[in-house]
Amino acid sequence: MHSTQHQHLSAASTDEPKPIVWSIAASDSGGGAGIQADTLTIHDLGGHPCNVVTAITAQNSIHISQLTTSDAAVLTAQLNCLAADMPPKGIKIGVLTSAQQVRLLSHWLQTNLDALAAKLGQSIPVIWDPVMLASNGHMLTESTAAPSTSDYLALAKQVSLITPNYSEFCRLTETNHSENMHDDWQQQLQKFVQKTGTNVLLTGGDQASQQAVDWLYTEQIEHTSAKHLQQLIGFSSHRIATQHNHGTGCTYSSGIASAMALGYPLLDAICIAKAYVNQGLTAGYAVGQGPGVLSRNGWPQRLSDFPTIILPAQQSLLLNEKLRFTKVQTPLQVYPVTQSVGVLEQVLAAGALTVQLRIKGSIEPVELEQNIKQAIDLGRQYQAQVFINDHWQLAIKHHAFGVHLGQEDMLEADLKQIADAGLALGLSSHGYFEILLAAQRNPSYLAIGHVFPTPTKSMPSQPQGLSKLSRYGQLLQGKLPLVAIGGINAENMATIKQSKIDDIAVVRAIEEAVNPGLSWQNLQHHWQQNQ
Ligand SMILES: Cc1ncc(COP(=O)(O)OP(=O)(O)O)c(N)n1
Ligand SMILES: Cc1nc(C(=O)O)sc1CCOP(=O)(O)O
Ligand SMILES: [Mg+2]
């Protein structure tokens, strides 16, 4: 790749400090895996890599000729020295060669992690890739000092995510390994997660299927909808046919650690890291006579590199047929969202062509239906696109132009019925995972929030901010209409324009105005001026 193009794709932000990410792993003298792969990944995704070397391998693209373990004093010195001055925002753990190393690290994390997190004022994600065998078949644990299952379990309890492949998972759970996954892997996964309290991403790299599916069983995840906790979630990509795949697992796990260090919650971080791996595999290259390595091309920006999300518990999302929702007339521009039919009428009279009725709180069913019917009738009168939030059955009954649903509602509503009734569908999203999940349903528009802090609604997600919003805009530009929402007003709306987002939705900027119609006209004028 051309160096200027690479610079353009690089994730490094100019004004934010680079988050420190530790890679606690073994050195690969061939530069494809281990510390070297982690370092390249962390740097490429915009972090600052720090290294704690657990072992030195003499290795080329064909074989490992020697493995030299760092002794306990060397390992401890590296950890303590970094902790004193360069606390991590994310940690990736790779090869640990002995029971002694596994125990030392468990103990060190148990003793130090909370204090480091308190100093930083945020939790520190620890991603453990329990690599035991190199891809060339060389054992990476010392046969005379191999960790026991209880050593592994103790470390499992100190980390946020474990990323074993199938054979490593069998070793962690003491189940017999066969070439292909056992029928009961789902129960095994759930049992292990419940026992350790730690999320596990069972990676499909060592399986032979056409789709490379990684299965996450979740326990606790910060800033994530409760709907996705204690669930099985699949991340599926078409398997990329290449022999240049040395270091895939290291890249994946350090990619997750890097994305989390940059402030992405776990589910988003997995999507980013999987896309980064797919991008690297697609352009993988030879470095010796054996399997080559992943290419490094910066932050992933191609939608086709991102995984398809599978939620087995949501049968309605497993429909093979692609649903077709009525398209929206675009641009939506400034899209007012209100709980009041009176405000809705005022903005329609002022010229708004897309509006949403969003009624929350307790309301008598009769009154609710009356409000919804009135809003839909007004939409017809003003020839506007009126969306009804949440109440999709009433929206269908009264022939609304469209329905707006949140992620939780999307999992429960009958989307096929909405499509078959000829309505448009707007979906909410908060980050990569929800964006991918919503985009898979082929909605008429996608809302992305919340951009800035807002008191209007309490959400598990954190404000996205403008740099994340730009990444979502780049990923989806031209694929479907994108609407930013959350904390947007006349003062900050111009900043949204830079992020390739088509439209904005506002609640308070309209509802709290003395004259909502005039206020909409002013916002709309500002938005158009910034085109
Ligand atoms: C345009 C737009 N974007 C997002 C939302 C939020 O919808 P949802 O997640 O369903 O949350 P509630 O609005 O129901 O609280 C929206 N309404 N409109
Ligand atoms: C209703 C809603 N949904 C959001 C999301 O992120 O999904 S943010 C939000 C509130 C937006 O209100 P205001 O314009 O007053 O900040
Ligand atoms: Mg809703």
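The legends below describe close-up views of a predicted model.

**View 1. The span annotated as "domain: Thiamine phosphate synthase/TenI".** The UniProt record, an unreviewed entry, lists residues 340-510 under this name. The C-alpha atoms at the two ends of residues 340-510 are 11 Å apart. Helix accounts for 43% of the span and strand for 18%.

**View 2. A closed barrel of 8 strands.** The strand order is 11-12-13-14-15-16-17-18, and the pairing is parallel. From one strand to the next, the twist averages 25°.

**View 3. Pairing of strands 13 and 14.** Strand 13 covers residues 385-389 and strand 14 covers residues 402-405. The two strands are parallel and are paired over 3 bridges. Ile 388 has Val 403 of strand 14 as its bridge partner.

**View 4. Strand 17 and its pairing with strand 16.** Strand 17 is made up of residues 482-485 and is covered on both faces. Leu 482 and Ala 484 are buried on one side, while Val 483 and Ile 485 are buried on the other. Strand 16, residues 445-448, runs parallel to strand 17 and is joined to strand 17 by 3 bridges. Opposite Ala 484 of strand 17 stands Ile 448.

**View 5. Helix 19 across two strands of the barrel.** Helix 19 comprises residues 516-529. Helix 19 lies across strand 11 (334-338) and strand 18 (503-506). The angle between helix 19 and strand 11 is about 150°. Strands 11 and 18 both belong to the closed barrel.

**View 6. The surroundings of ligand 2.** Ligand 2 is surrounded by 16 residues. The closest of these are Gly 449, Thr 454, Thr 456, Val 507 and Arg 508. By residue class, the shell around ligand 2 holds 6 nonpolar, 8 polar and 2 charged residues.

**View 7. Asn 199 and its contacts.** Asn 199 is in strand 7, which spans residues 199-202. Asn 199 counts as buried because 23 other C-beta atoms lie within 10 Å, and the cut-off for a buried residue is 20 or more. Leaving aside residues up to four places away in sequence, Asn 199 touches Ser 160, Leu 161, Val 193 and Leu 266. Asn 199 also touches residues including Leu 216, Tyr 217, Thr 218, Glu 219 and Ile 221. Ile 56 is 143 residues from Asn 199 in sequence, and the C-alpha atoms of Ile 56 and Asn 199 are 29 Å apart in space.

How values were computed. Residues numbered from 1 in each chain as written. Chains lettered and ligands numbered in written order. Predicted model: local features only at pLDDT ≥ 70, side-chain atom pairs only at ≥ 80, totals over all residues. UniProt positions renumbered as here; feature names shortened; annotations may be inferred. Helix = DSSP H or I, 4+ residues; strand = E, 2+ residues; numbered from the N terminus. Near = placed C-beta within 6 Å. Nonpolar A, V, L, I, M, F, W, Y, C, P; charged D, E, K, R; others polar. Pairing = 2+ DSSP bridges. Axes fitted to C-alpha atoms, helices over the stretch in contact; angles between N-to-C directions. Contact = placed C-beta atoms within 7 Å. Buried ≥ 20, exposed ≤ 12 C-beta atoms within 10 Å, placed from the backbone.
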